[in-house]
Amino acid sequence: MVDILNLALPYFGLIFVGFACGKAKSLPESGLTWMNFFLLYVSLPALLFAIMSKTPFAELNNPPFLVATTLSTVAAFTLALVVGKVLGRLTLREATLAGLSGGYGNIGYMGPGLALAVLGTKASAPTALIFCCDSIFLFTIVPLLIELSDRDHPSIVHAFGVVLKQIVLNPLIMSACFGAAVAALHIELPVALDRTITFLQNAAAPTALFVLGVTVALRPFNRVPWEVPGVIAVKLLIHPLAAFGLMLAFGPFAQPWAATAVLMASLPPALNVFVIARQNEAWIESASVAVLLGTFASVVTLTSVMWAIQTGRLAFP
């Protein structure tokens, strides 16, 4: 268990350092703008490109795994959306963001580092696939539902056009696709470019986790909305259980692949949930509370999953 804590606590430690700094210093939230831009458009895309481009393309061709992991995310998103509608009596726009909180974990900020630390390099391919497929699904369904909840949009065709544009312009999705293309075509990058990408990808996790802590610290925390505990339970309990069941149903898969799917499903709600909520001016305070409480609760749930994987108690036939 000590080894597991040594793996997990640095990740949570960076979040708590950011949280403490956010509480200690009265700096304006606008100061995070360039850091968020660096993460979304530079560092995280570099990380995903590197993972995809350095994974043999043959390993990325695994349709049953793609279907199983995506279905677990679909199930978690749908259930969290229903929880938001029933417990919080939210509008479709707000419930969509609650669904995002229940289905979209920290697969960009924490996922790759933790998966590689726990399972080694064999986790690279499943980690990249999960990120790519989850991102495509969530960044398709969420803008679509939000567009449909906006009575001012001209037509359903217009809504689909907006969604398609957001997918094409999403730097995370596009970087993963470019990485897959490089892997498929066996393109070898120039040494200088490869080292630059390495510098950028190494900055992704520490910067993102620190920003997550600061962002949560700067948000008001007056009350816990009724739907938030239910949404967190979906993310930290139901999502990994769904991933586990679907790995068995669609398998057999190699142990590192199936374990990576469960580990990625166990991650807490992503900071992007709050960012997207703020962009759409809906469910903002609840999103920040969900990210904060989900991150604290995952200290127990996520480390438990990591311990089960490391000790062989979470094994697949």
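Visitor: Let's start with S298. What does S298 touch, leaving aside its neighbours within four places in sequence?
Guide: S298 is in contact with F12, L236, P268 and T303 once those neighbours are set aside. Keep in mind as we go that this is a predicted model.

Visitor: Thanks! Which helix is S298 in?
Guide: S298 sits in helix α14, which spans residues 284-310.

Visitor: And is S298 buried or exposed?
Guide: S298 is buried, because its relative accessible area is 0%.

Visitor: Let's talk about the nonpolar core. How many residues has the largest one?
Guide: The largest nonpolar core has 94 residues. Y104 and M110 are the ones with the most contacts inside it.

Visitor: Which helix gives the most to this core?
Guide: That is helix α7, residues 124-149, with 13 residues in the core.

Visitor: You mentioned M110. What does M110 touch, not counting residues up to four places away in sequence?
Guide: M110 touches Y11, F12 and I15, along with L209, L267, P268 and L302. You have met two of those before: F12 and P268 are also contacts of S298.

Visitor: What other core lies apart from the largest one?
Guide: There is another core of 5 residues, and among them are A46, F49, A50 and V182.

Visitor: Switching to charges. How many salt bridges does a search of the whole structure find?
Guide: The search finds 1 salt bridge. The side chains of D194 and K54 meet there, at 3.6 Å from N to O.

Visitor: Where do D194 and K54 lie?
Guide: D194 is in helix α10 (residues 191-217), while K54 is in the loop between α2 (33-53) and α3 (57-60), so the pair ties together parts that are 140 residues apart in sequence. As a general point, side chains of opposite charge can pair when their charged atoms come close.

Visitor: How exposed is each partner, starting with D194?
Guide: D194 is partly exposed, with a relative accessible area of 25%. K54 is exposed, at 53%.

Visitor: Now cysteines, since I have to think about those at the bench. How many disulfides turn up in the whole structure?
Guide: The search finds 0 disulfides. Take C133: the nearest cysteine sulfur belongs to C132 and is 5.6 Å away. C133 counts as buried, because its relative accessibility is 18%.

Visitor: What about C177, and why is there no bond to C132?
Guide: The two sulfurs are 4.8 Å apart, which is too far for a bond because a disulfide needs them within 2.5 Å. C132 holds the closest cysteine sulfur to that of C177. As for the surface, C177 is partly exposed, with a relative accessible area of 35%.

Visitor: OK, pockets. How much space lies in the largest pocket?
Guide: About 770 Å³. The lining has 31 residues, and L40, Y41, V275, I276 and Q279 lie nearest the centre.

Visitor: Which elements give two or more residues to that lining?
Guide: Those are α2, α7, α8 (156-168), α9 and α13. The largest share, 7 residues, comes from α2.

Visitor: Tell me about α13, then. How many of its residues are buried?
Guide: Helix α13 covers residues 271-280, and 7 of its 10 residues are buried. They are L271, N272, V273, F274, I276, A277 and N280. I276 also came up a moment ago as one of the residues nearest the centre of the pocket.

Visitor: What covers those buried residues of α13?
Guide: The covering includes α5 (92-103), α7, α9 (171-185), α10 and α14.

Visitor: What happens just after α13?
Guide: E281 comes there, and E281 takes a positive phi of about 55°.

Visitor: You named α5. Is A95, in that helix, buried or exposed?
Guide: A95 is buried, because its relative accessibility is 0%. Leaving aside neighbours within four places in sequence, A95 is in contact with L81, K85 and L90. A95 and K85 are 10 residues apart in sequence and 5.8 Å apart in space, C-alpha to C-alpha.

Visitor: Last one: where is V67?
Guide: V67 is in helix α4, residues 63-87. V67 counts as partly exposed, at 38% relative accessibility. From V67 to L169 the distance is 24 Å in space, C-alpha to C-alpha, with the two 102 residues apart in sequence.

Methods: Residues numbered from 1 in each chain as written. Predicted model: local features only at pLDDT ≥ 70, side-chain atom pairs only at ≥ 80, totals over all residues. Heavy atoms only, no water. Buried < 20%, exposed > 50% of the residue type's maximum accessible area, 1.4 Å probe, protein only. Salt bridge = Lys/Arg side-chain N within 4 Å of Asp/Glu carboxyl O. Helix = DSSP H or I, 4+ residues; strand = E, 2+ residues; numbered from the N terminus. Core = buried A, V, L, I, M, F, W, Y, C linked by side-chain atoms within 4.5 Å. Contact = heavy atoms within 4.5 Å. 1 Å grid on protein atoms, 1.4 Å probe; cavity = no way out; pocket = protein on both sides within 12 Å on 5 of 7 lines; lining within 4 Å. Points joined across faces, edges and corners; volume = space filled by probe spheres on them.
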